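Trainee: I should like to understand how the terms applied to a structure are justified. Please set each value against its definition.

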Amino acid sequence: AYGTGLVEIGGLVGSLGFGATGGLIENAYATGQVVSTGSNTAAGGLVGESVGNSTVVQSYATGSVSAGGPSWVGGLEGILFSGTISQSFATGAAIVGAYGDAGGLVGAMNSGTIFQSYARGAATGTASSDEAGLVAHAYGGAISQSYATGKVTAVGSFAIAGGLAAESSAFTTSSYWDYQSTGQLRSAGGVPEPTFFLRTGFLPVGFDPAAWAENAFLNGGYPYLRSIPLSSVIGGKIAGAIVFADDNNNGTLDPEESFTVTNDKGDFEPIGGTGPLVAYGGTDTFTGLSFKGILEAPAGSTKISPISTLVSLLQNQGVSTAEQQVLSAFSINPTVDLTTFDPIAELLANNVLAAKVYSTNAEVMNTVTTIASALTGAGPITQNSVQVFNALAALINNQGSGPINLSDPTYTTQLLT
């Protein structure tokens with residue numbers, strides 16, 4: 001999302017609510033960058049400004065947010081005038097110019113409540129600005145069961161930085177900041193803790209275990225929210241896989257790109273970044289064998305699988321109807337969203353569409369693995385699998401809307417040549 005000066009701009013909504021009438025955002029997310037080239041902007045990764053006792057619940061944003069000063073910039077919301085943010089998070093960076101506010105979750109908070117939420121993105125500003133891991137400037141309201149870990153940087157004279165909040169009159173309870181990762185020993189509210197304390201596997205004091213959980217392989221080891229569905233790598237379920245956002249589309253995990261590792265069930269917390277998701281390594285929990293392929297999914301996906309890989313590759317080839325072509329090629333019901341559909345979970349829930357998606361994933365992965373193994377003399381199996389996936393994507397593109405039968409030797413021969 002892009003704008004310039006005197007606007008409310010968000011990855012999902014510019015202004016939530018109107019007058020005394022509040023709005024509601026539930027179970028939503030945004031992954032794109034939010035940029036304002038001017039000043040006096042309310043900019044947020046999900047919502048620009050929230051008014052009229054609006055509510056944002058069980059939602060998140062992963063894109064970076066930036067605006068010139070003076071502006072109000074937050075990883076999730078630019079300005080929380082009133083209302084509630086509950087069980088939500090942001091991982092993107094918040095960047096503001098002089099005289100502005102930049103917070104990992106919220107830029108400025110007039111009143112309202114932040115409850116059971118967190119921010120892991122960096123907050124950066126220049127002269128006479130406020131920067132903080134969670135909320136840059138809170139004029140009132142309440143903050144509870146929340147935390148911040150992102151690097152906080154205030155550059156220039158009269159800039160104020162804080163681990164949780166730079167300036168705050170909010171009533172703050174059971175809330176923390178990582179003073180090592182934020183680089184801040186002070187905050188206007190909250191409790192400072194070292195990294196290991198927030199990643200010990202035990203929840204911080206005051207955190208409700210019905211809402212929060214910890215796992216060394218999820219969310220960098222920091223507490224995560226039970227209410228927000230985990231993403232997963234499906235191919236079986238791939239445990240211990242590295243997942244990263246390939247922002248520059250070079251197929252390689254670069255130092256500045258967001259990444260995580262899947263847990264023993266193949267799940268991972270949503271990560272930041274703007275590029276397609278790439279997964280490699282780990283162990284197939286169904287077979288116990290090392291996973292030697294590379295899987296992809298379009299940016300913002302919550303499921304990475306063999307067929308989401310084909311969607312991503314077709315998008316990279318400039319195909320605007322990539323998902324529709326893959327659905328048609330394998331005769332999958334066109335209502336299925338391949339970037340979010342978990343065939344294993346849906347099979348267990350007796351979803352009649354799940355069997356076809358599950359079997360197609362298995363068929364595609366088996367075909368790719370078999371051909372890649374046959375080509376081992378031409379290079380490592382991992383790189384061969386990438387070539388086979390690309391060849392299959394090209395075959396689907398050339399086929400148009402027609403079906404593909406991978407058990408037909410005609411198609412496998414084309415993939416080998």
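Mentor: Let us begin with strands. Two strands pair if DSSP finds at least two bridges between them. Helices (H or I, at least four residues) and strands (E, at least two) are themselves DSSP runs, numbered from the N terminus. The model is a predicted one: local features need pLDDT of at least 70 and side-chain atom pairs pLDDT 80 or more, while totals for chains, interfaces and linings use all residues. Residues are numbered from 1 along each chain as its sequence is written, and side-chain values use heavy atoms, with hydrogens and water left out.

Trainee: How do you know that β18 and strand β23 pair?

Mentor: β18 and β23 (residues 135-138) share three bridges in the parallel sense. The rule asks for at least two, so the two strands count as paired. Within this pairing, alanine 108 stands opposite histidine 137 in β23.

Trainee: What joins strand β13 to strand β18?

Mentor: Strand β13 (residues 77-80) runs parallel to strand β18 (residues 106-109), and three bridges link them. On the β13 side, glutamate 77 has valine 106 of β18 as its bridge partner.

Trainee: Why is one side of β38 and of β42 left without a neighbour in the sheet?

Mentor: The strands belong to an open sheet of three, ordered β38-β34-β42, with mixed pairing. β38 (267-268) and β42 (303-304) are the edge strands and have a single partner strand each, so one side of each lacks a neighbour in the sheet. Strand β34 (residues 231-233) runs antiparallel to β38 and is joined to it by two bridges. Two bridges satisfy the requirement of at least two, and therefore this is a pair. Serine 232 stands opposite aspartate 267 of β38 here.

Trainee: Why is alanine 245 called buried?

Mentor: Buried means under 20% relative accessible area, exposed over 50%, and partly exposed in between (1.4 Å probe, protein chains only). The value for alanine 245 is 1%, so this residue is buried. Alanine 245 lies in strand β36 (residues 242-245).

Trainee: Which residues is alanine 245 in contact with, leaving aside its neighbours within four places in sequence?

Mentor: Contact means heavy atoms within 4.5 Å. On that basis alanine 245 touches Glu257, Ser258, Ile271, Gly272, Gly273, Gly275, Pro276 and Leu277.

Trainee: What makes serine 187 count as buried?

Mentor: Its relative accessibility is 18%, which falls under the 20% limit, so serine 187 is buried. Serine 187 sits in the loop between α1 (179-182) and β31 (191-193). Beyond its neighbours within four places in sequence, serine 187 is in contact with Gly162, Gly163, Leu164, Ala165 and Trp177.

Trainee: What does the side chain of serine 187 reach at 3.0 Å?

Mentor: At 3.0 Å lies the backbone nitrogen of alanine 165, and the backbone oxygen of glycine 189 is reached at 2.7 Å. A polar contact is a pair of N or O atoms within 3.5 Å; within protein, one must be able to donate a hydrogen and the other to accept it, and residues adjacent in sequence count only if both atoms are side-chain atoms.

Trainee: How many cavities of 30 Å³ or more does the structure hold?

Mentor: There are two. On a 1 Å grid over the protein atoms alone, a cavity is a set of points where a 1.4 Å probe fits but cannot get out; a pocket is an open set with protein on both sides within 12 Å along at least five of seven lines, and lining residues have an atom within 4 Å of a point. Grid points are joined across faces, edges and corners, and a volume is the space filled by probe spheres set on the points. The largest cavity holds about 100 Å³, and the second largest about 40 Å³. Among the 15 residues that line the largest cavity, Thr31, Ile271, Leu277, Gly300 and Ser301 lie nearest its centre.

Trainee: How large is the volume of the largest pocket?

Mentor: The largest pocket has about 680 Å³. Of its 29 lining residues, Arg120, Ser258, Phe259, Ile271 and Gly272 lie nearest the centre. Strand β37 (residues 259-261) gives the largest share of this lining, three residues.

Trainee: Which helix gives the most to the lining of the second largest pocket?

Mentor: α6 does, with nine residues. Both α6 (354-374) and α7 (381-399) supply at least two. The volume of this second largest pocket is about 490 Å³.
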